[in-house]
Amino acid sequence: MSPLSPDAVHTVIDDLGALLLFTMILIVAAGQIYRAIYSVAAQSLLISIAGAVLATATGNPDLWVIAGITLAVKAILLPWVLHRVVQRMNVRREVEPVIPIAATLALAVAIVVVSFQLSASLGPVRQAITGNALPVGIALTLTGVLVMATRKTALTQMVGLFASENGIFFTAMAVTQGMPLIIEIGVILDVILAALVMTIMVLRVRSTVDADIADLDRLRG
Amino acid sequence: MAETLLWVLPLVPTVTALLMLTTRDRRVLSAIDVAGSSVLLALALILARDVAAGGPRALGVFRVDALGLVFLLLVVVLTLAVSIYTVGWLKQAVAVGNMKAEYLRSYFALVHAFVATMIVTVLADNLGVLWIAMEGTTITSAVLIGYHGHHHGLEAAWKYIIVTTIGISFGLFGTVLVYAAYAAAAGVHGGAGSLSWSAIMQVAPTLDPGIIRIGFIFVMVGYGTKAGLAPMHLWLPDAHSQAPTPVSALLSGVLIKCALLGIIRFQTIAAAACGPAFPARVLIVFGLTSVVVATPFILAQHDIKRLLGYHSVEHVGIVALGLGFGGPVGTYGALLHVVNHGITKALAFFAAGKAIARYGTRDMRVIRGLLAVAPIGATLLMLAALSLAGVPPFSIFVSELMVLRAGIGHGHWLAIAIFLAMVVVIFAGLLHHAGAMVFGEPPATASREPEAWSPLIGMFVLAAIMILLGLTIPASLDRLLQRATEVVVG
């Protein structure tokens, strides 16, 4: 039998969810690109811990694999790549918010409230998805999009993207029966490839026109 | 036989892409390009015949039914037309330095990788595989959009990859929610087959409508971004205008249609779980928004490829309206419109691409008197514009009329009124733009070279299909569309 009772799992997932929301606030509030990168790495670490907890609770070996891949790729590899790119571009640019960070934080709080409201209106969701993973997942995804929409530098937009996908992963792991392994691996592969292509584009624009790719705004109308 | 083909079809463009890497010679590359696309078309036709005779076929995560077949045939026909067009287009583009000769093989390899990912989206039964392939199309085509390497192209590519990746992650969230509802209802454990659309459809009426509703909205936003539905269409005009012309034709002709297929798959699930009224309402709202948002941009546009891009937003909106009005007529009309618009829009991009090469600009205020310098190309451009505007007897008129009829039949008067008003305005705007380009006095800068044969052949093929579909719908296509409609409507 599983060493963890369902109630204990709910509690642990809810605690991890709270920590995930906290890291999301750190990302939104980050004034420097390095902080945003470290925060998203910490967030991915929490996701892989959640995977390990759920793997222990359900005895589903697939979840161990997913937790391991998340740890290796999203908590270590991708943040490391971003870190290297920042170093290579040799700019300690701030994250350059389009609207003030305080306003973004207020929006993020609103998103969290709405996500919990929305999930509370769903009755049978509790039997399909463990604990509060659904509202936390929706909140992370939407806040990630918020970060992408309100930041002008390319690397911060990528951080937002990773955070957004962390939200989806958290919910997917907590689906009581677990997602098919092959799908999760395919999704991670896509994330890596997308990050790779984006990194190449960022570096290419930097080397040809010496501008941040997200700053280009000639195409209009 | 047919089952094996399901695996072979995506492999053909993959192998073609790998073959491209073995040579640098432009002629050899073009030959492989056309050969690979021809093989693909032939195999798809064999599969189509088998499915027509023996019904849907499935193998592993792949499955083809009449609905998928409509989109598959569109993909392979346009791929071949694009390959033929590329031969002459590329020769000219290399000559003027628009495409660098040393990178051609990676261009061709990427185009075929792009086609391979689109074929997987069309054949995918597993909704997870559908999502992965959809993200795959983003990655391959983003590189192609920025292929010219100047910073406009890179800007468009960045906007495209960021906007569609955000969008598509909503699609993944929606997929997860639908799966959660399915897992709760059917009590399955996560095997690879458990995201199968056909398996979910069997228990769809028992799924929890609350979760499915939220899931469908997420999917609609997600795949709708990729389909170019407003207000998520922000990437589309930039990407369509900056990409090399053959890639623009693929983006507009088939990529956005593949995303629509994803939406249709989820629409059927949502219709079974919470009644057809809910997904219909969502589709009508997005469809109308797209038609309305596209109109002013079409009228005020000076860049010919952006014009065609915004016009795609309008037509995707019309397809969404057709699906939303629903019923056999609306759905049939929407599917026919997918085919008609794909063929016609690719033709329009081809003709526009040749005109752009001739005048050295995309600005429609400079492109004048095309009829005097390139009579055949000008005629084809005019035909495409007439068809896109919805003039009878061209094919788009037929499908728009069906969508309209479905709307009237179901009493969506307000939607019909808005739709008609916008279509009339766009009709006038588009014909004004096209007339100004085709007639009049050509500027002295316009090239007067004779027209190259290979782009013309590519265009003739599409123009022939377009005119044929306007006059009559062949019995075999009619049967296919009927069956596809049954898959959606039930």
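This text walks through a predicted model of two chains, A and B, from confidence to folds to contact.

Residues are numbered from 1 along each chain as its sequence is written, and chains are lettered from A, and ligands numbered from 1, in the order in which they are written. Because this is a predicted model, local features need pLDDT of at least 70 and side-chain atom pairs count only at pLDDT 80 or more, while totals for chains, interfaces and linings use all residues.

Start with confidence. The model scores ipTM 0.89 and pTM 0.93. pLDDT is the predictor's confidence in each residue, from 0 to 100. Chain B averages 92, and 99% of its residues score at least 70. The mean for chain A is 84, with 90% of its residues at 70 or more. Among the elements of chain A, helix α5 (residues 125–128) has the lowest mean pLDDT, 67, and α2(A) has the highest, 91. Where pLDDT is low, the predicted coordinates should not be read in detail.

Now chain A. It has 8 helices and 0 strands. Helices (H or I, at least four residues) and strands (E, at least two) are DSSP runs, numbered from the N terminus. The C-alpha trace of chain A spans about 60 × 35 × 30 Å along its principal axes. Its radius of gyration is 18 Å, which agrees with the value near 17 Å for a compact globule of 221 residues. That radius is taken over C-alpha atoms, and the globule rule is 2.2 Å times the number of residues to the power 0.38.

How much of chain A is buried? Of its 221 residues, 51% count as buried. A residue is buried if 20 or more other C-beta atoms lie within 10 Å of its own, exposed if 12 or fewer, and partly exposed in between; C-beta atoms are placed from the backbone. Contacts follow a separate rule: two residues are in contact if their C-beta atoms, placed from the backbone, lie within 7 Å. In chain A, residues 24 or more positions apart account for 75% of the contacts with a separation of 6 or more.

Helix α1 of chain A covers residues 6–29. Its 24 residues reach 34 Å from first C-alpha to last, close to the 34 Å expected at 1.5 Å a residue. The expected span is 1.5 Å times one less than the number of residues. Among the buried residues of α1(A) are A:Ile13, A:Leu20, A:Met24 and A:Val28. The buried residues of this helix pack against α2 (33–58), α4 (101–120), α6 (133–150) and α7 (154–174) of chain A.

Helix α7 of chain A holds A:Gln157. With 25 C-beta neighbours inside 10 Å, A:Gln157 counts as buried. Leaving aside neighbours within four places in sequence, A:Gln157 is in contact with A:Met148, A:Arg151, A:Ala214 and B:Ile162.

The contact between the chains takes 44 residues from chain A and 40 residues from chain B. On the chain B side, α5 (127–145), α6 (151–186) and α8 (209–227) each supply at least two residues. The most comes from α6(B), with 20 residues. By class, the side of chain B that touches chain A has 24 nonpolar, 12 polar and 4 charged residues. Here Ala, Val, Leu, Ile, Met, Phe, Trp, Tyr, Cys and Pro count as nonpolar, Asp, Glu, Lys and Arg as charged, and the others, Gly among them, as polar. One of these chain B helices, α5(B), is mostly covered: 18 of its 19 residues are buried.

Chain B as a whole has 19 helices and 2 strands. Its C-alpha trace spans about 70 × 55 × 45 Å along the principal axes. The radius of gyration of chain B is 21 Å, which agrees with the value near 23 Å for a compact globule of 490 residues. Of those 490 residues, 64% count as buried. In chain B, residues 24 or more positions apart account for 82% of the contacts with a separation of 6 or more.

Which residues touch the most other members of the largest nonpolar core? Of its 281 residues, they are B:Val70, B:Leu72, B:Ala180, B:Ala181, B:Leu347 and B:Leu381. α6(B) gives the most to this core, with 23 residues. Such a core is a set of buried Ala, Val, Leu, Ile, Met, Phe, Trp, Tyr and Cys residues joined through C-beta atoms within 7 Å. Leaving aside neighbours within four places in sequence, B:Leu72 is in contact with B:Ala44, B:Val64, B:Ile119, B:Val122 and B:Leu123.

End at helix α19 (residues 475–489) of chain B, where B:Glu486 is found. B:Glu486 counts as partly exposed because it has 15 C-beta neighbours inside 10 Å.
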